[in-house]
Each structure stands twice: as C-alpha cells, then as structure tokens.
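Biologist: Please take a close look at a single part of this model. Choose one helix, describe its surroundings, and then place it in the whole chain.

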Amino acid sequence: LLKEAVLYVPNHTSYLDILTLSGFLKRPFKYISKIEILRIPLIGWAMGFAGHVALKRTDRRSQLETFKAAVESLSNGNSIVAFPEGTRALNGKLQKFKRGPFKMATAANVDIIPIAICDLHKWHPPSALLPLARPSGVQIKVLPRISTKDNQDADDILDQAFDAINAALPAHQQHGDLRNSDL
C-alpha cells in the first residue's frame with residue numbers, strides 16, 4: 001500500500017472503468033471527473049461530498065480551477081485518478097493524451113502510475129445504456145511508476161506513460177503514434 005500521493009493515469013474505455021478501478025486499487029484516491037457525472041443523483045452527490053475534482057471540459061476557467069484544485073489535493077497527500085485521454089474511447093483503442101494530468105503531477109511533484117485497462121470496453125461500450133453482460137477476461141495492469149522528481153518535462157513524462165500503457169494493452173486496443181495533443 002502506497003503512503004505518498006501519486007497520480008494514476010489509466011486509459012479510458014467505459015463507464016465501468018471508474019467502478020473497476022474503485023474496487024481494484026486498494027487505497028483511497030479521488031477522481032477528476034467531468035461535471036456532468038457529479039450531477040447524477042446519489043453517485044455524483046457522493047463524489048462531491050468526498051472531494052472529487054469536477055471539470056467543465058469546455059470551460060477554460062474551469063480547466064484552470066481544476067488544475068489548481070488537483071495540484072492542491074495531490075500536495076495535501078491525496079492520490080488522484082485522471083484519465084489522460086480526456087474522454088472514453090469509442091472503439092476501445094488508446095487515444096492521444098492531454099498534457100494536463102502530467103503538468104499536475106510535475107507541479108505537485110508526485111509520481112505517476114500508468115494503468116492499462118484491458119478489454120473492459122467490450123462489456124459496456126459507449127453505445128450501451130447498461131453493461132451487456134457481467135465482465136470477464138478483463139485485466140487491470142498497474143505499470144511501473146514514473147518519477148517526476150528527476151524529470152519535470154511534462155511532455156516527456158506523457159510520452160513515457162503513453163508508451164507504457166500502449167505496450168501493455170492487447171493489440172486490438174493499441175494505438176499507433178498519436179501521443180501529444182495540442183492542448
């Protein structure tokens with residue numbers, strides 16, 4: 001069990017990612033979640049009360065507030081899960097990463113732990129209102145940590161995390177060379 005705060009960066013393919021990670025990671029952490037999730041009765045309210053960080057993805061001011069709140073939370077010893085793709089992949093394939101989570105980690109001087117979520121997208125694709133069946137054959141691969149203490153270059157850390165996750169995914173979920181975004 002880790003004692004220091006870290007930033008977990010998993011690929012994002014399904015609404016089930018959140019439930020799966022919450023049951024799999026054996027330590028307290030918070031999510032960075034789009035504001036719409038926090039508006040869902042019961043689930044969203046609980047996330048709000050627990051101090052999860054909300055993000056309005058289309059609002060630049062909200063993005064800056066989220067960045068500050070996440071860095072403060074990490075600096076206060078809270079681990080955070082941030083999906084660096086920014087949204088769920090429609091086909092389960094790894095998408096390019098946004099720089100925000102990696103800048104947060106370097107600003108807070110916390111390590112990054114990449115996570116590959118394998119084959120969960122098959123059980124609850126974005127087109128499905130509910131899971132298609134009880135998931136089986138799913139793998140969660142917690143990959144070696146990436147230190148920000150020796151490397152403060154967010155783009156380099158982003159590339160390391162992308163490469164690690166991409167290599168750990170099954171071939172049908174891997175993506176080619178789309179790493180850096182323009183954000």
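Modeller: What follows starts at the chosen helix and works outwards to the pockets, the whole chain and a few single residues.

The model is a predicted one, so local features are reported only at pLDDT of at least 70 and side-chain atom pairs only at pLDDT 80 or more, while totals for chains, interfaces and linings take in all residues. Residue numbers start from 1 along each chain as its sequence is written, and side-chain values rest on heavy atoms, with hydrogens and water left out.

The part chosen is helix H1, residues 16-24. Helices here are DSSP runs of H or I with at least four residues, strands are runs of E with at least two, and both are numbered from the N terminus. Leu16, Asp17 and Leu21 are the buried residues of H1, where buried means under 20% relative accessible area, exposed means over 50%, and partly exposed lies in between, with a 1.4 Å probe and protein chains only. Because these residues cover an arc of only 125 degrees around the axis, they are on the same side of H1; the arc is that of the directions from the helix axis to the C-beta atoms.

The partners of the buried residues of H1 are strands: S1 (6-10), S2 (30-34), S4 (80-81), S5 (111-118) and S6 (139-142). Contact here means heavy atoms within 4.5 Å.

H1 also takes part in a pocket. A pocket is an open set of points on a 1 Å grid over the protein atoms alone, where a 1.4 Å probe fits and protein lies on both sides within 12 Å along at least five of seven lines; lining residues have an atom within 4 Å of a point. The second largest pocket has a volume of about 390 Å³, a volume being the space filled by probe spheres set on the points, which are joined across faces, edges and corners. Its lining has 15 residues, and Tyr15, Ile18, Leu19, Ile37 and Ile43 are the closest to its centre. H1 contributes the most to this lining, with 4 residues. H1 and helix H3 (43-49) each supply at least two residues. By type, the lining of the second largest pocket holds 12 nonpolar residues, 3 polar and no charged. In this count Ala, Val, Leu, Ile, Met, Phe, Trp, Tyr, Cys and Pro are nonpolar, Asp, Glu, Lys and Arg are charged, and the others, Gly among them, are polar.

The largest pocket has a volume of about 820 Å³. It is lined by 29 residues, and Leu55, Gln63, Gly86, Lys98 and Pro101 lie nearest its centre. S2, a strand against which the buried residues of H1 pack, supplies at least two residues of this lining, as do helix H4 (60-75) and helix H5 (100-108). H4 has the largest share, 5 residues. The lining of the largest pocket divides into 15 nonpolar, 7 polar and 7 charged residues.

In the whole chain there are 6 helices and 6 strands, in the order β-α-β-α-α-β-α-β-α-β-β-α from the N terminus on. The radius of gyration, taken over C-alpha atoms, is 15 Å, close to the 16 Å from the globule rule for 183 residues, so the chain is as compact as a globular protein of that length. That rule is 2.2 Å times the number of residues to the power 0.38. Of the 183 residues, 46% are buried. Among contacts between residues at least 6 apart in sequence, 67% join residues at least 24 apart.

Valine 6 gives a view of S1, in which it is found. Its relative accessible area is 0%, so valine 6 is buried. Leaving aside residues up to four places away in sequence, valine 6 touches Arg27, Leu74, Ser79, Ile80, Val110, Asp111, Ile113 and Arg145. Valine 6 and alanine 108 are 102 residues apart in sequence and 9.5 Å apart in space, C-alpha to C-alpha.

Two loop residues that flank S5 have a positive phi. Asparagine 109, in the loop between H5 and S5, has a phi of about 60 degrees although it is not a glycine, and is partly exposed at 38% relative accessible area. Aspartate 119, in the loop between S5 and S6, has a phi near 70 degrees, again in a residue other than glycine. Aspartate 119 is buried, with a relative accessible area of 13%.
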